[in-house]
Amino acid sequence: MAFPSTLGAGGERAQRSVQEQLTGGQSDVVGQVFRILLLISLGVSLVVLAILFQDVITTGSGVFTTRAESFLSGGLRGSAARSGISQAMAGTFWIGIFVVVFSFPIGVASAVYLEEYSTKGRLARLVDVNIRNLAGVPSIVYGILGLTIFVQQLEGITGGRSLMSAGITLAILVLPIVIITSAEAVRAVPGSLREAGYGVGATRSEVVRTMVLPYALPGIITGTVLALARAIGEAAPLYLAGVTTGLLPGKQGLLEPSQLRESFTALPVVIAEWSRNPREGFTEIAAAAIIVMLAIVLAMNTVAIVLRIRYEKKRK
Amino acid sequence: MGQVDLPPAIEPTESLDVEDLNPDKEPTVVLSDAPSQEVVFAVRDLDVYYGTFRAVRDVNIDVHRNEITAFIGPSGCGKTTVLRCFNRMNDLIETARVDGSIQYHGVDLYDQAVNAVEVRRRIGMVFQKPNPFPKSIYDNVAYGPKIVGRKGNMDDIVEKALHRAALWDEVKDRLKASGLGLSGGQQQRLCIARAIANDPEVLLMDEPCSALDPIATARIEDLMQEIKDDYTIIIVTHNMQQAARVSDRTAFFTTEVNSESDTRTGLLVECDSTDKMFSNPSDERTENYVTGRFG
Amino acid sequence: MSDLSLPSPGLTLADLHGDPRRVRTERIVKAVLTAAATVSILISAGIIWSLARETFTFVTEVNWAAVLFSDGWWPRQGVYDLRTILVGSLWVTVIAMVVAVPVGLGSAIYLSEYARPSVRRVLKPTLEVLAGIPSVVLGFFVLSVISPSVVQRIFDNGLFSLAAAGIGVGILSIPLVASVSEDALRSVPVALREASYGLGAKKITTVTQVVLPAAVSGLVAAFILAVSRAIGETMVVFIAGGAAGNQAFELSPLEPGLTMTAAMATQAKGTDQVVGEALTFQSLYFVGAVLFVVTLGLNLVADRFVRKVRQAY
């Protein structure tokens, strides 16, 4: 925007010199290169995921196009052409049930205790430290817990190397996740809500039941779904808890509760075994099983994220 | 930067009518008729937007060399927003946009070809809350010169800057100690030393004393008087008395309500020599503010 | 209980006791919740007890000469050279960190300092999806793509190797490094960045000389957590590392190898009992105890660093 210059001749010389200096300075090559390197590192994850999906789908989709039904209904067999994932799905299904039945109530109850009842108490602090440590324990060490206590010591109840032992072990594995995410959800409940409840003379359990939990429920459910997705993908503890890796006799794919005390298999284990099996056809069915597992796990993660976004929007 | 002797700035040809003093009329900016120095910044018709919201409008002001110019006014009238235009700090905010022009020695600061990084090396800033780096006192002061590539002995540069900021005697034995270990007033003087170490021409100070106690405040006001001869200083302050004590020229901002959107937009009402602004201002709104009738 | 709607002629203490039923409910609820919270303590106790008994047996009965001076991990023959599996774990961890730290940290810096909100919303879920991929899938991916197309092509070695498995574990660890690092970077106050820009620093200078140093505690915590996670990872090595239940002492990561975790998994694999020489079963617990102590130690140290970050800001 031009306007009459107030500078005069000497001023114009100064202006030119200032102009040179302000517009000089090298273009920031190093800065640009740095930025591009950072963007590339973000791209690595994207590329890896893309290649992973592409590889799994090309390797495994053939199974679905040629023998989808027998794959989904068959059990563990000696040859790849006759093997299927029904027994594995049954096992994974029951493990999921155990996680929900065991971890959800105990996890939410622990979170409520930590956040509502005893925030500063000594027991609460101990529990808090303890849970953070448990969250970092390798999954295979949980397998040792399962082996010692549920497979051996409590063999009478669980049936030893059974679905029940495995289910409880994995439920224990993900319990810290449920507690931590539920505690966060409870902590996010605004204090004004609680005060309103106490103000009309409600007891603590009533405030929790009628105000805190309903508000925190979406966050709690998100956390539980994520924990479930994690438990479904775990294989290492199952090896110690006695999963069957060879052939599994018995009725295929039935969801009978009596199965709980008997030998079992699960989807991630089946994937692991078939991946390692050099014989003909096993790579393909491993990939097919991975497609199923990824579909389940990604669906769960998406549900959890969608839930969280929907309820965050509603809050605002 | 070369020192050039310039002829005095041309007097503005606008004259005042009685009508201009009517508060309902569009505010006319009164430019100073005091003995003038070289103009460092010439701001014309400056508007600042955050997205579609116009935060400040129609700012017209000249800032003169080796003077302390104070921006005063009630909260939310855009003083800090305008201040941050002078060193292009508003660039850091995604939605911020500037209309109009700010000329620095005749060069449009917002010209496409101007590099904001170069601008900030010549126009330094001290912030409201002291923000020393979590580094040693020495490294805090040396940070600017190092990245700018100032020639000379770094120890000397650091010592000189700390002297000028009236901090040297208190820290000379613990230059390696963390800057965060100093008191609030000392930290702010450290930040001033850090800005001075870059050898800027201009110092922008955004309410530098508002987080400090009165004694620390007094020390910094003294400091400003001491260094005035070497720098051009623009200071934003909530404290009218501080502006009266310290500045040569004062600019008064206020807000007006936008009825449709229920927001407030800031604007510059009047800018004149400090004596005149506080004893005999031209605009009634200025008079109301400085005599404490509102704000 | 007196009728509180009438002006009370004298409120006594008894009036304020409350409905006995509600009070009892309160007590029961509190007891139940406390019990639930103690479950987690029972779990820790259970882990320690499970490990302790058999480890004690192992440690007191094993021929220590066999442990310290032998080569190779042959539990079914009574050869328990811990070095072998320690070296295996070390190689996998180092290679995993070489992959995960630059990629994870770079992603975190970009997301925190450079990315616009619209870009962030698209790119961040990529990391979340990666975080949800089970480790068995990565094991398959190593055998199917990483080993043949990358490792074997460069080094011309066999399909099963610790190096390939290490890359797989690294990929698994990227999201962890990225998310903890990003938290650390975002906790650095904006005022520090402003101070740096105000002095005329370029963006790369501000990031490398102000933001990263200020966030260093959190970044160290991210690294330690990732190391702990890599040490504890089992299935990728189990599937793709060539774990065979026994292992000669091997220094090169390009050969098949065994980590502590895979050693434990291969011990109990299959439908047969863990059989073999007398202490084969106990060796499982011994390795488990070492693993537990190491990861616990790392996690406690990382926790200390995270707390330092919270204190500073």
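Let's start inside chain B of this predicted model: Phe71(B) stands opposite Val236(B) in strand E8(B). That pair is a handy way into the sheet, so let's follow the strands outwards from there.

**The sheet in chain B**

E3(B) and E8(B) run parallel and are joined by four bridges. On another side of the story, E3(B), residues 68-72, also has four bridges to E9(B), residues 249-258, and that pair runs parallel too. Here Ile72(B) is the residue that faces Phe252(B) in E9(B). E8(B) has a further partner in E7(B), residues 202-206, with five bridges in the parallel sense. Leu204(B) has Ile234(B) of E8(B) as its bridge partner.

Here are those three pairings side by side:

| Strand pair | Bridges | Sense | Facing residues |
|---|---|---|---|
| E3(B) and E8(B) | four bridges | parallel | Phe71(B) and Val236(B) |
| E3(B) and E9(B) | four bridges | parallel | Ile72(B) and Phe252(B) |
| E7(B) and E8(B) | five bridges | parallel | Leu204(B) and Ile234(B) |

Now zoom out. Chain B has an open sheet of 10 strands, in the order E5-E4-E1-E2-E10-E9-E3-E8-E7-E6, and the pairing across it is mixed. Which strands stand at the edges? They are E5(B), residues 107-108, and E6(B), residues 123-126; each has a single partner strand, so one side of each has no neighbour in the sheet.

What about E8(B), residues 232-236? Five of its five residues are buried, so this strand is largely enclosed by the rest of the structure. Thr232(B), Ile234(B) and Val236(B) point one way, while Ile233(B) and Ile235(B) point the other way, and all are buried. In a regular strand, side chains alternate between the two faces of the sheet.

**Where chain A meets chain C**

Time to switch chains. In chain A, 70 residues are in contact with 67 residues of chain C. Helix H2(A), residues 29-73, supplies the largest share of chain A's side, 18 residues. By class, that side has 46 nonpolar, 18 polar and six charged residues.

One helix crossing is worth a look. The axes of H3(A), residues 86-117, and H1(C), residues 20-61, come within 8 Å and cross at roughly 110°. That makes H3(A) roughly perpendicular to H1(C). Sorted by class, this contact has 11 nonpolar, three polar and one charged residues. On the H3(A) side you'll find, among them, Ile106(A), Val112(A) and Tyr117(A), while those from H1(C) include Lys30(C), Leu33(C) and Ser40(C).

**Chain C by itself**

Chain C has 12 helices and two strands. Where do the strands come in the run of elements? From the N terminus on, the order is α-α-β-β-α-α-α-α-α-α-α-α-α-α. Of the 313 residues in chain C, 51% are buried. Among its contacts with a separation of 6 or more, 77% are between residues 24 or more positions apart.

**How confident is the prediction for chain A?**

Chain A has a mean pLDDT of 85, and 91% of its residues reach 70 or more. Among the elements of chain A, H1(A), residues 8-23, has the lowest mean pLDDT (69), while H7(A), residues 163-187, has the highest (93). Over residues 1-5 of chain A the pLDDT is below 50, and this stretch has four contacts in the model beyond near neighbours in sequence.

How values were computed:
Residues are numbered from 1 along each chain as its sequence is written. Chains are lettered from A and ligands numbered from 1 in the order in which they are written. This is a predicted model: local features need pLDDT of at least 70, side-chain atom pairs count only at pLDDT 80 or more; totals for chains, interfaces and linings use all residues. A residue is buried if 20 or more other C-beta atoms lie within 10 Å of its own, exposed if 12 or fewer, and partly exposed in between; C-beta atoms are placed from the backbone. Two residues are in contact if their C-beta atoms, placed from the backbone, lie within 7 Å. Two strands pair if DSSP finds at least two bridges between them. Axes are lines fitted to C-alpha atoms, for helices over the stretch in contact, and angles run from 0 to 180 degrees between N-to-C directions. Angles under 35 degrees count as roughly parallel, over 145 as roughly antiparallel, 65 to 115 as roughly perpendicular and the rest as oblique. Ala, Val, Leu, Ile, Met, Phe, Trp, Tyr, Cys and Pro count as nonpolar, Asp, Glu, Lys and Arg as charged, and the others, Gly among them, as polar. pLDDT is the predictor's confidence in each residue, from 0 to 100.
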